[in-house]
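Grab a coffee and open the viewer. Here are a few short exercises, each with a solution worked out step by step.

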Amino acid sequence: MTPNQITFIGLCNEFCTAIMRAPETETALFVAEMTRLLPRLYISAADLPADIEPDLTIDDAMDEDHYDSIRRSLEIVLGENDTYLEVFEEDMKYSDTPIGASIAEGLADLTQVFFNIIETVREAPTEVIPEMLVAAKNDFETYWSQKLVNVMRPLNQIRYNNLP
């Protein structure tokens, strides 16, 4: 495995740990941690190799109840700052009204992605992990990269403009 692949797995774990600790963390500290971790995850994922078509996939390891409990706890942590106007929503081009989105839901979606990666890699033989990370890179390009940057914007707004 390359140093970047190891770093990516470590960042996934660090993110999930921060999410699980969120209910005991002050909102400003939690937002600061997210604005520190998310760009690093983006860069690390963007730099993962994708030179082969993977035969392996990332398994779904997080069940719906776990996802919902994470989303609800993040809604409480973020409070009134949870909702923001989303401009990169597919339905936006057909709408005359703004579309609201939830930071908690976006972070829960990312947590599910990173949790699934961690659990899949944890169970995998070392020699197949690089191929699994190619699958993670493909998912990054087609799904969660946009979700990550979308949630960064309101978190940045909270960190530098809303909270003392």
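The exercises below go from the overall fold to single residues, and they all use a predicted model.

**Exercise 1. Get your bearings**

Task: Work out how many helices and strands the protein has, and in what pattern they follow each other.

Solution:
- Start with the count: there are 5 helices and 2 strands.
- Now walk along the sequence, and you read α-α-α-β-β-α-α.
- Next, look at burial: of the 164 residues, 45% are buried.
- For the outside, the protein exposes about 8900 Å², with 50% of that supplied by carbon and sulfur atoms.
- Finish with the contacts: among those with a separation of 6 or more, 80% link residues 24 or more positions apart.

**Exercise 2. Check a helix with a ruler**

Task: Find out what span helix 3 should have, and compare that with the distance between its end C-alpha atoms.

Solution:
- Helix 3 covers residues 64–78, which makes 15 residues.
- The expected span is 1.5 Å times one less than the number of residues, so helix 3 should come to 21 Å.
- The end C-alpha atoms are 21 Å apart, so the two values agree.
- Now look at the ends. At the start, a side-chain oxygen of Asp63 comes to within 3.2 Å of the backbone nitrogen of Asp65.
- Just after the helix, Gly79 has a positive phi of about 55 degrees.
- As for what is covered, the buried residues of helix 3 include Tyr67, Ile70, Leu74 and Leu78.

**Exercise 3. Salt bridges along a helix**

Task: Explain why Glu75 and Arg71 are about one helical turn apart, then look for similar pairs in helix 4 and helix 5.

Solution:
- An α-helix has 3.6 residues a turn, so residues three or four places apart point the same way.
- Glu75 and Arg71 sit 4 residues apart in helix 3, so about one turn separates them.
- Their closest N and O atoms are 2.9 Å apart, and the pair forms a salt bridge.
- Arg71 is buried because its relative accessible area is 19%, under the 20% cut-off. Glu75, at 29%, counts as partly exposed.
- In helix 4, Glu119 and Arg122 are 3 residues apart, again about one turn, and their side chains meet in a salt bridge at 2.9 Å, N to O. Here Arg122 is exposed at 52%, while Glu119 is partly exposed at 21%.
- In helix 5 (residues 129–162), Glu141 and Lys137 are 4 residues apart, and their salt bridge has an N to O distance of 3.8 Å. Lys137 is buried at 8%, whereas Glu141 is partly exposed at 48%.
- One more group to find: Glu14, Arg21, Glu33 and Arg36 are joined into one network by salt bridges that share partners.
- In total, the structure holds 8 salt bridges.

**Exercise 4. Inside or outside?**

Task: Decide whether Leu38 and Ile43 are buried or exposed.

Solution:
- Both belong to helix 2: Leu38 lies there, and so does Ile43 (the helix runs over residues 27–46).
- Leu38 has 0% relative accessibility and therefore counts as buried.
- Beyond its sequence neighbours up to four places away, Leu38 touches residues including Phe15, Leu107, Leu148 and Leu155.
- Take Leu148: Leu38 is 110 residues away from it in sequence, but 6.9 Å in space, C-alpha to C-alpha.
- Ile43, at 53%, counts as exposed. Together with Tyr42 and Val149, Ile43 forms a nonpolar surface patch of about 250 Å² of accessible area.

Conventions: Residues are numbered from 1 along each chain as its sequence is written. This is a predicted model: local features need pLDDT of at least 70, side-chain atom pairs count only at pLDDT 80 or more; totals for chains, interfaces and linings use all residues. Side-chain values use heavy atoms; hydrogens and water are left out. Patches are made of residues with over 30% relative accessible area and no salt bridge: like charges are joined within 9 Å, nonpolar side chains (Val, Leu, Ile, Met, Phe, Trp, Tyr) within 5 Å. Accessible areas come from the Shrake-Rupley method with a 1.4 Å probe; for residues, only the protein chains shown count as cover. A salt bridge is a side-chain nitrogen of Lys or Arg within 4 Å of a carboxyl oxygen of Asp or Glu. Buried means under 20% relative accessible area, exposed over 50%, partly exposed in between (1.4 Å probe, protein chains only). A polar contact is a pair of N or O atoms within 3.5 Å; within protein, one must be able to donate a hydrogen and the other to accept it, and residues adjacent in sequence count only if both atoms are side-chain atoms. Contact means heavy atoms within 4.5 Å.
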